[in-house]
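Student: I've got a model open in my viewer and I'd like to learn how to read it. Can you walk me through it?

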Amino acid sequence: MGRREERVFKLNDEIRALMRDEELAAEELIMLQHLDDDAQRDAAVYDAPMDRADARETAGDVARMKQHIRDLARERERLERKRDRMIARMSRR
């Protein structure tokens, strides 16, 4: 096996790891969204300063996790494009 093939296999491993990280982050996002729903409801119903603070915090957690998932997807897509270009170059030879 040549060096180029090894690089493609390494990229595939990195892509799989990112996909796994995306899945885990998506599952965590679901949990965070449930917590945020509860916190937002408590803040609306009880109108207590602590409940409002919790609601802001959980909303921030959801936003950060969504951004994290977008970042993971962007990196995975970048590696997929790189891998695809490498494969295309290899097939032309």
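Tutor: Let's take the helix pair, then the core, then a few single residues. Keep in mind that this is a predicted model.

Student: Okay, helices. How do people describe a pair that packs together?

Tutor: Two packed helices are described by the angle between their axes and the distance between the axes. Here the axes of H1 and H2 come within 7 Å and cross at roughly 165°. Angles over 145 degrees count as roughly antiparallel, so H1 is roughly antiparallel to H2.

Student: What is the handedness of the crossing of H1 and H2?

Tutor: The crossing of H1 and H2 is left-handed.

Student: And how do the residues of the contact of H1 with H2 divide?

Tutor: You get 24 nonpolar, 19 charged and five polar residues in the contact of H1 with H2.

Student: Now the core. What's the general idea there?

Tutor: In soluble globular proteins, nonpolar side chains tend to be buried together. In this model, the largest nonpolar core has 13 residues, and those with the most contacts inside it are Ala25, Leu29, Met65, Ile69 and Leu79. Helix H1 (3–46) and helix H2 (49–92) are the elements that give two or more residues to this core. H1 gives the most, with seven residues.

Student: Which residues is leucine 29 in contact with, leaving aside its neighbours within four places in sequence?

Tutor: Leucine 29 is in contact with Val62, Met65, Lys66 and Ile69.

Student: What about charged side chains? Is glutamate 22 buried or exposed?

Tutor: For this you look at relative accessibility: under 20% is buried, over 50% is exposed. Glutamate 22 sits in helix H1 and counts as buried, because its relative accessibility is 14%. Beyond its neighbours within four places in sequence, glutamate 22 is in contact with Leu72, Ala73 and Arg76.

Student: And arginine 83, buried or exposed?

Tutor: Arginine 83 belongs to helix H2. With a relative accessible area of 19%, arginine 83 is buried. Not counting residues up to four places away in sequence, arginine 83 touches Val8, Leu11, Asn12 and Ile15. Take isoleucine 15: it lies 68 residues from arginine 83 along the chain, and their C-alpha atoms are separated by 9.4 Å.

Student: Let me try lysine 10. Is that one buried or exposed?

Tutor: Lysine 10 lies in helix H1, and at 53% relative accessibility it counts as exposed. Lysine 10 and arginine 70 are 60 residues apart in sequence, and C-alpha to C-alpha they are 22 Å apart in space.

Notes: Residues numbered from 1 in each chain as written. Predicted model: local features only at pLDDT ≥ 70, side-chain atom pairs only at ≥ 80, totals over all residues. Heavy atoms only, no water. Core = buried A, V, L, I, M, F, W, Y, C linked by side-chain atoms within 4.5 Å. Buried < 20%, exposed > 50% of the residue type's maximum accessible area, 1.4 Å probe, protein only. Helix = DSSP H or I, 4+ residues; strand = E, 2+ residues; numbered from the N terminus. Contact = heavy atoms within 4.5 Å. Axes fitted to C-alpha atoms, helices over the stretch in contact; angles between N-to-C directions. Parallel < 35°, antiparallel > 145°, perpendicular 65-115°, else oblique. Left-handed = near helix turned anticlockwise from the far one by under 90°. Nonpolar A, V, L, I, M, F, W, Y, C, P; charged D, E, K, R; others polar.
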